[in-house]
Amino acid sequence: MSHSDTPTPKRARRKVTTLRLQEMKQAGEKIAALTAYDYLTARLLDDAGIDLILVGDSASMVFAGNDTTLPMKMEEMLYHVRVVTRAVTRALVVADMPFMSYHKGFEEALHNAGRLMQDGMAEAVKLEGGKSICPIVEKIVDAGIPVLGHVGLRPQSIHVYGTYRARGTEALEAQAIFDDALAFEAVGAFGVVIEKVPASLAERITRALKIPTIGIGAGHHCDGQILVTQDMLGVNTRFHPRFVRWYARLAEEMSRAFQQYLKDVKAQEFPADAESY
Ligand code: KIV
């Protein structure tokens, strides 16, 4: 075979594992994470090389149109996890544990985390909280289920906060968030999501932890970044906090396509002969 006949090697598709994320932190390679709730989006994210795909309970708002993440049920989360894991071969797939699915005792928390892994085929679960839920996190990790912690703004606690403003802007709360992140590491979490806190606090946490931090609205010092996919695609134009960068303006593009289709159908310009049998 001549040199020119040699097939171009495909880009290496090394499976992303929790160990790999740890290696990335050590090597200073940033982790790119996004959310998915459906098969086609998950496949596109995986093909693009996104490292971590989160089946987030943000689906409650973004997919189902609720005002908060609280209404998301285990059965609904399981459905989304199943369709996403069916699409993904490389990225690490993490499933959010829905509100109240891990607060009513070890047994129920373990049962629900187990279902996300066994029925949903997720590779890890994410829990919002801190020190107070660490005994539960320890049991879940003990059972062989990797846990990603979530500190800072915790959307499942929106009714406690009464606002989605940034957290940890005052010294006392900043220290509590720092302690929560350390507590997650101490009980074996493989990483921590840090949401909407000052960049300086996220930097302090990132330096203190051996496990990777993944920020959302937490500045550039984190070991990785995550955004809600529909937000970064500009699908939801009513939600544009300053931490969301629009990488596309799909709402405009979709509206344009819907209007063109409407026009074509009304004008009997669709379907054409070539689109008929
Ligand atoms: O539910 C979700 O999508 C999340 C991310 C925003 C981190 O928790």
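Reader: Is Thr 213 buried or exposed, and how do I tell?

Author: Start with relative accessible area: under 20% means buried, over 50% exposed, and anything in between partly exposed, using a 1.4 Å probe and protein chains only. Thr 213 comes out at 0%, so it counts as buried. Keep in mind that this is a predicted model, where local features need pLDDT of at least 70, side-chain atom pairs count only at pLDDT 80 or more, and totals for chains, interfaces and linings use all residues. Residues are numbered from 1 along each chain as its sequence is written, and side-chain values use heavy atoms, leaving out hydrogens and water.

Reader: Where does Thr 213 lie?

Author: Helices (H or I, at least four residues) and strands (E, at least two) are DSSP runs, numbered from the N terminus. Thr 213 belongs to strand S7, residues 213-216.

Reader: And which residues does Thr 213 touch?

Author: Contact means heavy atoms within 4.5 Å. Leaving aside residues up to four places away in sequence, Thr 213 touches Val 192, Ile 194, Ile 205, Thr 206, Cys 222, Asp 223 and Gly 224.

Reader: With which side chain does the side chain of Thr 213 make a polar contact?

Author: A polar contact is a pair of N or O atoms within 3.5 Å; within protein, one must be able to donate a hydrogen and the other to accept it, and residues adjacent in sequence count only if both atoms are side-chain atoms. Here the partner is the side chain of Thr 206, at 2.8 Å. Thr 206 sits in helix H9 and is buried too, with a relative accessible area of 8%. Among the residues that Thr 206 touches are Lys 25 and His 221.

Reader: Lys 25 is in helix H1, right? Which residues of H1 are buried?

Author: In H1 (residues 18-27), the buried ones are Arg 20, Leu 21, Gln 22, Met 24 and Lys 25. Their cover includes strands S1 (31-35), S2 (52-55) and S3 (92-96), along with helix H9 (199-208).

Reader: How do I read two helices packing, say H5 and H6?

Author: Fit a line to the C-alpha atoms of each helix over the stretch in contact, then take the angle, from 0 to 180 degrees, between the N-to-C directions. Under 35 degrees is roughly parallel, over 145 roughly antiparallel, 65 to 115 roughly perpendicular, and the rest oblique. H5 (residues 106-118) and H6 (residues 134-142) pack at about 45°, with axes 10 Å apart, so they are oblique to each other.

Reader: Which residues meet there?

Author: From H5 come Phe 106, Ala 109, Leu 110 and Ala 113; from H6, Pro 135, Ile 136, Lys 139 and Ile 140. By class, seven are nonpolar, none polar and one charged. In that scheme, Ala, Val, Leu, Ile, Met, Phe, Trp, Tyr, Cys and Pro are nonpolar, Asp, Glu, Lys and Arg charged, and the others, Gly among them, polar.

Reader: What about the backbone?

Author: Most residues other than glycine have a negative phi, and most peptide bonds are trans. Met 121, not a glycine, has a positive phi of about 65°. This residue lies in the loop between H5 and strand S4 (124-128), and at 56% relative accessibility Met 121 counts as exposed. Lys 196 also has a positive phi, about 45°, and is partly exposed at 21%.

Reader: Which peptide bond is cis?

Author: The one from Phe 270 to Pro 271, with omega near 0°. Pro 271 lies in the segment after helix H11 (250-266).
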